Structures are given as C-alpha cells and as structure tokens.
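Colleague: Please put the model up, and then let us go through its surface and its rings.

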Amino acid sequence: MRKKHVCTAMVGMMAAVCAAGLLFAAPAMASEGGHELPWGDFAWRIVNLVIFVAILWHFAGKLCVNFFRGRKQSIKDGIDDLTAKREQAQARLAEIEKRIANLEAERAAILEESKAQAEALKNDIIAQAQEQAKQIVAMAHVTAESEGQSIVQQMRATIADELIDATRDKLLKTLNKSKHEKLIDNSLKKVVLQ
C-alpha cells in the first residue's frame with residue numbers, strides 16, 4: 001500500500017519535471033532562430049533522467065523512506081514526550097496550587113495542635129507542682145510534729161528540773177537541820193521495815 005503511494009508520487013514528480021523541461025526548452029529553442037525542437041534527443045534525455053531516478057530510488061529510496069519514517073517517528077515521540085511532561089507539570093502545578101490554597105488551613109491546624117500540646121504540657125506541669133507541694137506540706141507537718149514533740153519534751157524536762165530545784169530550795173528553807181534528820185530517819189525506817 002505504501003509502495004503504491006511512493007510510486008504514484010514518483011511518477012507525478014517525473015511528469016512535473018518533464019513538463020517543466022518542455023516549458024523551459026521550447027522558448028529557448030524558439031529564440032535560436034526557429035529551429036525545431038529535437039524531439040528524439042529530448043526523449044532520450046527524459047528516458048535517461050527516468051533511469052537515473054529509478055536507480056537512485058532503487059539504492060537510496062529505502063534509506064530515504066526509512067530516514068523520513070524514523071524522523072517522523074522521532075518527532076512524534078518527542079511530541080508525545082513533551083505532552084507527557086506538560087501533563088506532569090500541570091499536575092504538579094495543580095498540586096502546588098492546592099497546597100498553597102490549603103496552606104492557611106494547615107497553618108491553623110498546626111497552630112491548634114501546638115496550642116493543645118502546650119495546654120497539655122501546662123496542665124502536666126501544674127499537676128506535678130501541686131503533687132510536689134502536697135509532698136512538701138506533708139513533710140512540713142511531719143517535721144513540725146516531730147519538732148513540736150521535741151520542744152514539748154525539752155520544756156517538760158526544763159520545767160521538771162526547775163520544779164525540782166524550786167522544791168529543793170523551798171524544802172531547804174523550811175526544813176532546819178533537826179527536821180531534816182528526823183525526815184530522813186522516818187524515810188529509812190519505812191524502807192527498812194517494809
């Protein structure tokens with residue numbers, strides 16, 4: 001099928017070359033003094049041209065056809081590749097535009113999440129501080145109680161010592177030597193008799 005188109009194109013091209021040759025040759029011959037056109041010579045030239053074109057087509061025709069087919073295919077592949085790249089670029093552009101449009105929403109979401117995390121951290125810190133404060137207060141109560149008991153015991157001991165000293169002083173003032181001896185004797189008799 002393709003060969004038929006090529007042959008038709010070749011015949012058409014040769015016919016055009018022959019017609020051009022006749023058109024240009026006739027006025028050139030007429031200007032030389034009215035000589036008649038040597039049709040036999042012209043026909044041989046045309047046949048020679050047809051044979052030359054046929055030989056040229058036989059040896060170089062397939063190369064030309066393959067070259068132009070390859071060139072056509074490479075152009076088509078290049079266009080397809082550029083079309084695919086264009087579609088990828090448009091998809092990427094649409095994605096970037098979508099991200100830009102969603103940028104405010106993303107920023108708000110990130111800000112909201114950061115606030116929530118900060119609030120949770122704040123509550124955690126407050127809870128830990130309150131727990132530590134409770135522990136400090138409990139330790140202070142324990143320390144205050146132990147110090148209070150220690151002070152009470154010290155005060156009792158001091159008061160007892162003072163009371164003993166005061167009683168001794170009072171007894172020494174009220175007791176004279178004879179009463180003192182009599183009191184000791186009575187105490188010893190009670191201890192020995194019992």
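Colleague: Which residues form a nonpolar patch on the surface?

Modeller: This is a predicted model, where local features need pLDDT of at least 70, side-chain atom pairs count only at pLDDT 80 or more, and totals for chains, interfaces and linings use all residues. Residues are numbered from 1 along each chain as its sequence is written, and side-chain values use heavy atoms, without hydrogens and water. A nonpolar patch joins side chains of Val, Leu, Ile, Met, Phe, Trp or Tyr within 5 Å, from residues with over 30% relative accessible area and no salt bridge (Lys or Arg side-chain nitrogen within 4 Å of an Asp or Glu carboxyl oxygen). With about 470 Å² of accessible area together (Shrake-Rupley, 1.4 Å probe, only the protein chains shown counting as cover), the residues are M13, V17, L49, F52 and L56.

Colleague: Which helix gives the most to the nonpolar patch?

Modeller: Helices are DSSP runs of H or I with at least four residues, numbered from the N terminus. Helix 1 (2–30) and helix 2 (39–101) each supply at least two residues. The one that gives the most, with three residues, is helix 2.

Colleague: Is L49 buried, partly exposed or exposed?

Modeller: L49 is found in helix 2. Buried means under 20% relative accessible area and exposed over 50%, with partly exposed in between. Because its relative accessible area is 34%, L49 is partly exposed.

Colleague: What angle lies between the planes of F67 and F68?

Modeller: Rings of Phe, Tyr and Trp (its six-membered ring) pair if their centres lie within 6.5 Å, and planes under 30 degrees apart count as stacked, over 60 as edge-to-face and the rest as tilted. The count comes to one aromatic pair. F67 and F68 form this edge-to-face pair, 5.2 Å centre to centre, and the angle between the planes is 70°.

Conventions:
Patches are made of residues with over 30% relative accessible area and no salt bridge: like charges are joined within 9 Å, nonpolar side chains (Val, Leu, Ile, Met, Phe, Trp, Tyr) within 5 Å. Buried means under 20% relative accessible area, exposed over 50%, partly exposed in between (1.4 Å probe, protein chains only).
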